[in-house]
Amino acid sequence: MKNAIIGCITKYYPKDIQNWVESLNDLEIDCDKVMLLFNEVPKETVSYLADHQIKIFHFEIKNPIVVDRFLAL
């Protein structure tokens, strides 16, 4: 079984997640890096995540993110 680090965002720009991404890149563990994207996420954010080999899953939600983020897993 492989480990994973999972984050979830909505409407964030690269500058908003840069510290999180850089911290992941500094880790020296073998794990999947995953970001759940909810609703509207800027294209530059999607590109930024892809450039850093973070797996992306996009979801459209109707409820507040604090509720639907658990349903997405």
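Which elements make a right-handed β-α-β unit with helix α1? Strands β1 and β2 do: β1, α1 (residues 14-26) and β2 make this right-handed unit. The model is a predicted one.

**The sheet**

Three strands form an open sheet. Their order is β1-β2-β3, and the pairing is parallel. Strands β1 and β3 (55-59) stand at the edges. Each has a single partner strand, so one side of each is left without a neighbour in the sheet. On average, neighbouring strands of this sheet are turned by 20° against each other, direction ignored. Strands of a sheet pair through backbone hydrogen bonds, either parallel or antiparallel.

The two pairings are set out here.

| Strand pair | Bridges | Direction |
|---|---|---|
| β1 and β2 (residues 31-38) | seven | parallel |
| β2 and β3 | five | parallel |

Individual residues show how the strands line up. Ile6 lies in β1, which covers residues 3-9. Across from Ile6, in β2, stands Val34. Ile6 can also be placed against Leu36: the two are 30 residues apart in sequence, yet 7.3 Å apart in space, C-alpha to C-alpha. Is Ile6 buried or exposed? Neither word fits, because its relative accessible area is 47%, which makes Ile6 partly exposed. In the other pairing, Met35 stands opposite Ile56 in β3.

**Helix α1**

Helix α1 lies across β1 and β2. It runs at about 175° to β1. The helix has 13 residues. From its first C-alpha to its last, α1 reaches 17 Å, close to the 18 Å expected at 1.5 Å a residue. There is a bend of about 25° in α1 at Trp20.

Which residues of α1 are buried? Pro14, Ile17, Val21 and Leu24 are. An α-helix has 3.6 residues a turn, so residues three or four places apart point the same way. The cover over the buried residues of α1 includes β1, β2 and α2 (43-51).

**Helix α2 and the second crossover**

The chain crosses from β2 through α2 to β3. This β-α-β crossover is right-handed. Helix α2 holds Thr45. Thr45 counts as buried because its relative accessibility is 0%. Which residues does Thr45 touch, leaving out those up to four places away in sequence? Its contacts are Ile9, Tyr12, Tyr13, Pro14 and Ile17. Two of these names, Pro14 and Ile17, are among the buried residues of α1.

**Two loop residues with positive phi**

Most residues other than glycine have a negative phi. Two residues here go the other way. Lys11 is not a glycine, although its phi is positive, at about 60°. It is found in the loop between β1 and α1. Is Lys11 buried or exposed? Lys11 counts as exposed, because its relative accessibility is 55% and the cut-off for exposed is over 50%.

Gln53 has a phi near 55°, again a positive value in a residue other than glycine. Where is Gln53 found? Its place is the loop between α2 and β3. Gln53 has 63% relative accessibility, so it too counts as exposed.

**In brief**

The sheet is open, with three strands in parallel pairing. Right-handed connections run from β1 to β2 by way of α1, and from β2 to β3 by way of α2.

Technical notes
Residues numbered from 1 in each chain as written. Predicted model: local features only at pLDDT ≥ 70, side-chain atom pairs only at ≥ 80, totals over all residues. Heavy atoms only, no water. Helix = DSSP H or I, 4+ residues; strand = E, 2+ residues; numbered from the N terminus. Buried < 20%, exposed > 50% of the residue type's maximum accessible area, 1.4 Å probe, protein only. Pairing = 2+ DSSP bridges. Right-handed = clockwise from strand over helix to strand, strands pointing away. Axes fitted to C-alpha atoms, helices over the stretch in contact; angles between N-to-C directions. Contact = heavy atoms within 4.5 Å. Expected span 1.5 Å × (residues − 1). Bend = angle between axes of the 7 residues up to and from the residue.
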